[in-house]
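Here are a few exercises to try with the model open on your screen. Have a go at each task before you read its solution.

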Amino acid sequence: MTARALYLHVPFCVRKCAYCDFASFETPREDPLMDAYAAGLERLVVESLDAGILMAGGTAYVGGGTPTLLADALPDLVASVRRHSAPCELTCEANPDSLTLDMSLRLHDAAVGVQSVHDDELSVLGRIHDGRRALETLGQAVSAGLDVSADLMCAIPLQTSESWVTSLCSVVDAGVSHVSVYPLMIEEGTPFARAVDKGEYSLPDDNDEALFMEQASSFLASRGFTRYEVASYALPGHSCRHNQAYWTGVSYLGIGTAASSMFDLDEFEVLFHAFPQLERPSSEIARIRMTCTSDRRFLASHHRLADQSFDVELLTEREALAEDLMLGARMSCGPSKELVSRARDAMGFVVDDTLASLIDDGYLTTDLAPTEKGWLLGNELYGRLWDLASCS
Ligand code: SF4
């Protein structure tokens, strides 16, 4: 088996949002670099399938950045991925500013970065769309037959409980079948972080943030959405299989600037054949995570797997298992019995001791599902599971 989840990164945005430290670069709408870059992604997908490093029939996700800024090149890229790898799910991230009706008719699933429907909050975030445009775009995408997810952000300066519930209610009323909810993070070096340092905004505290998350949980439950991951809610049958792949240890291939890939030991032969530029790790390494460091201009003109450069992170078996337990605890079902059993085989009963202490302290239920406390204090829960990597 090799990667069953494909991620394509599109590192272009019209303008950087104030809080953003993702790998994206301001790019004029007509820049021909984007077409060349998209063509490069297409060729790399085909080569990955030919090299056996990517399996057909898995999930695919085009993220960014702003994939919809590619304009016609995006539906063409999606059609090519579909033709070559026949994914069972194919989602594109979309910005309300650039997701058009014509594009919606040619895509499959879309995750629309709404963040808020209130113009004052959107202005704090430095988003280029307003609330009206965001809701129009959602409605248009739903009418075009897309399975639509809305990304929303809480703990934004100026946001109140009432405005937060209005944002939640508006996207649900627009017909989305999936909602992702994230608290606004202050990323060092961003304009938003500088404004916070200068005291320009009063920020919600941890209690406010917890209240926003609880409001999202109860409002979305009242509208038939199930919380299947700490930040993800879906109507029945609409969970994101691609994201579930990340949380269940499925190997994934990321193509594009700053895209990450992950492969386990039994895939190393295929991996090193496809990427001869990588150094083979020592025998105790069980997992490789690699992040593409080739920039967008390079990838627009060099379309071979062997040309790319990577930052590589190496994990031992213990580290890989601790990571999988930690990711499993993000999901409402918790880590699987099969994973716990593999972790116990590799690390011994320290695994049971850790899980028992997390149950005793109220972070997990006896079925190992995260409790409300586990979700609200996720850093403690995930940190204690990750500590298993270094237990002896
Ligand atoms: S649209 Fe997304 S990737 Fe682009 S700048 Fe805004 S937050 Fe960053």
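Two residues are in contact if their C-beta atoms, placed from the backbone, lie within 7 Å. Helices (H or I, at least four residues) and strands (E, at least two) are DSSP runs, numbered from the N terminus. Keep in mind that this is a predicted model: local features need pLDDT of at least 70, side-chain atom pairs count only at pLDDT 80 or more, and totals for chains, interfaces and linings use all residues. Residue numbers start from 1 along each chain as its sequence is written.

**Exercise 1. Work out which residues of α5 are buried, and what they pack against.**

Step one: get the helix in view. α5 covers residues 131-143, so 13 residues, and reaches 18 Å from its first C-alpha to its last. That is close to the 18 Å expected (1.5 Å times one less than the number of residues).

Step two: pick out the buried positions. A residue is buried if 20 or more other C-beta atoms lie within 10 Å of its own, exposed if 12 or fewer, and partly exposed in between. In α5 that gives Gly131, Ala134, Leu135, Thr137, Leu138 and Ala141 as buried.

Step three: look down the axis. The buried residues of α5 fall within an arc of 160° (taken from the directions from the helix axis to the C-beta atoms), so they line one face of the helix. The general rule helps here: an α-helix has 3.6 residues a turn, so residues three or four places apart point the same way.

Step four: find the partners. The buried residues of α5 pack against α3 (101-106), β6 (109-115), α4 (119-125), β7 (147-154) and α6 (161-173).

Step five: see what follows. After α5 comes Gly145, with a positive phi near 95°.

**Exercise 2. Find the backbone oddities at Gly64, Ala71 and Gln115.**

First, a reminder: most residues other than glycine have a negative phi, and most peptide bonds are trans.

Next, go to the bond from Gly64 to Gly65: this one is cis, with omega near 20°. Gly65 sits in the loop between β4 (54-64) and α2 (73-85).

Ala71 is also placed in the loop between β4 and α2, and its phi is positive, near 55°. With 17 C-beta neighbours inside 10 Å, Ala71 counts as partly exposed.

Finally, Gln115 belongs to strand β6 and has a positive phi near 70°. Is Gln115 buried or exposed? Its 25 C-beta neighbours inside 10 Å make Gln115 buried.

**Exercise 3. List what surrounds the ligand, then sort it by class.**

Start with residues whose C-beta atom, placed from the backbone, lies within 6 Å of the ligand. You should get Cys13, Lys16, Cys17, Cys20, Phe22, Ser24, Gly64, Gly65, Thr66, Asn95 and Gly113.

Then sort them. Ala, Val, Leu, Ile, Met, Phe, Trp, Tyr, Cys and Pro count as nonpolar, Asp, Glu, Lys and Arg as charged, and the others, Gly among them, as polar. The tally is 4 nonpolar, 6 polar and 1 charged.

**Exercise 4. Place Thr291 and name its contacts.**

Thr291 lies in strand β13 (residues 285-292). With 16 other C-beta atoms within 10 Å, Thr291 is partly exposed.

Leaving out residues up to four places away in sequence, Thr291 touches Ala258, Ser260, Phe310 and Asp311. As for Ala111, 180 residues apart from Thr291 along the chain, the two C-alpha atoms are separated by 23 Å.
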